[in-house]
Each structure stands twice: as structure tokens, then as C-alpha cells.
Amino acid sequence: MPEKGTYKISRKCVDCGHEDEIGVTRSEAAFILVDIDERLGATCKICSSTLFSRSYETPTPDLALLKEWAEDEELHFSAYDDDLVLAEAENLNIILEVLDTMPLSDYKTAALMSALCILVYDNSSTNDAAAGQLRLRVIGELNKRLDKLKLADGLSREFIKEKVYPLLDVEV
Ligand SMILES: [Zn+2]
């Protein structure tokens, strides 16, 4: 059954201001599966310009989307940085659920573990009590899954490793 197109991608011509939009499904929007220029043609239908500003409505990742992502190596929340997109406090529970309950490729495991490291990093340079609690919880969750952390080694940025790994029960 086809999903209903409910997320908008729009394109505005820089030269004449003409604006077009298309509707895409939730998955298409989350994983950027539709190229609006492919759908509408590469030139403005009013003035033939090829200069556009584009805007994308994207759904917040939830468990259903994260499971879909986990099952398909081709799907990404962003061109390169799945971990950066996922590193939000509200994603913590779904990340842990998918890590612990689904068969995952090395890349997907690495992206999720890296997202957890980024979450620690992002909540480290503050005295905010909530950030401190979150940081401690994520450190605890990382420590429970150190076997998976080495998979994230290649993916994690050095500056994150430098700050986060010393907080974990790992040899650095
Ligand atoms: Zn135009």
C-alpha cells in the first residue's frame, strides 16, 4: 500500500522567485530519497534558471524510522553523518533499543555508538544539571556495550574520542 505524501520539499528560483513543491513520504523525507530537481527538471519552468534554494521538511527520527534505517544499509539520515543527526537526547532510548534488539551491520552499529559518544561530548562542556545527568547515563550505556565501541573507532572524530574515551572504562 503506498504511503501518503505528507512531507514537503520545495524549490525556489533564485532569479524569478517562482516556487514549486512536491510531496514525499515519511521515509523518502527522512532518508532524502527524492531529488526534487530530478522530479521537476533541472531548470525553472518560468525563466529557465538553474539556481534554486531548496528546503526540506524532515521527520524527527523515531523507533519505526530507526528500525527501517537499521535494516537497510543503503538508507541514511544524512549524506555522511548519520551519527550527528541521531545524537539527540530524545533519541537515546530508540538508539539503545535498536542496538540491543536488532541484527546490525558494522556500519550501523558504529553509527549508533558514535552517536552516543557525540551525545556525551555535546553534554560535557556545561554545568547544567540535566546535561550532567544525561552525560552520566550515556557513559553508563556506552560502558555496557564496550564490545561494540571498537566498531565505532574508524567513524568517530578524533576530537570526540579524545574527550569521551577517557570517561569510559576503556584503555586509551
Ligand atoms: Zn525562475
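**Sheet, core and domains of a predicted model**

Three strands make up an open sheet with antiparallel pairing, in the order 2-1-3. Strands are DSSP runs of E with at least two residues, helices are runs of H or I with at least four, and both are numbered from the N terminus; two strands pair if DSSP finds at least two bridges between them. This is a predicted model, in which local features need pLDDT of at least 70 and side-chain atom pairs count only at pLDDT 80 or more, while totals for chains, interfaces and linings use all residues. Residues are numbered from 1 along each chain as its sequence is written.

**Sheet**
- Strand 2 (19–24) and strand 3 (52–56) each have a single partner strand and stand at the edges, so one side of each lacks a neighbour in the sheet.
- Strand 1 (residues 7–13) pairs with strand 2 in the antiparallel sense over six bridges.
- Opposite Lys-8 stands Gly-23 in strand 2.

**Nonpolar core**
- The largest nonpolar core (buried Ala, Val, Leu, Ile, Met, Phe, Trp, Tyr and Cys residues joined through C-beta atoms within 7 Å; buried means 20 or more other C-beta atoms within 10 Å of the residue's own, with C-beta atoms placed from the backbone) has 25 residues.
- Leu-112, Ala-115, Leu-116 and Cys-117 have the most contacts inside this core.
- Helix 6 gives the largest share, eleven residues.
- Leaving out residues up to four places away in sequence, Cys-117 touches Ala-152, Ser-156, Ile-160 and Val-164; contact requires C-beta atoms, placed from the backbone, within 7 Å.

**Domains**
- The protein is divided into domain 1 (7–56) and domain 2 (63–167), with bounds from an automatic or database domain assignment.
- Their C-alpha centres lie 32 Å apart.

Definitions and conventions:
Buried ≥ 20, exposed ≤ 12 C-beta atoms within 10 Å, placed from the backbone. Contact = placed C-beta atoms within 7 Å.
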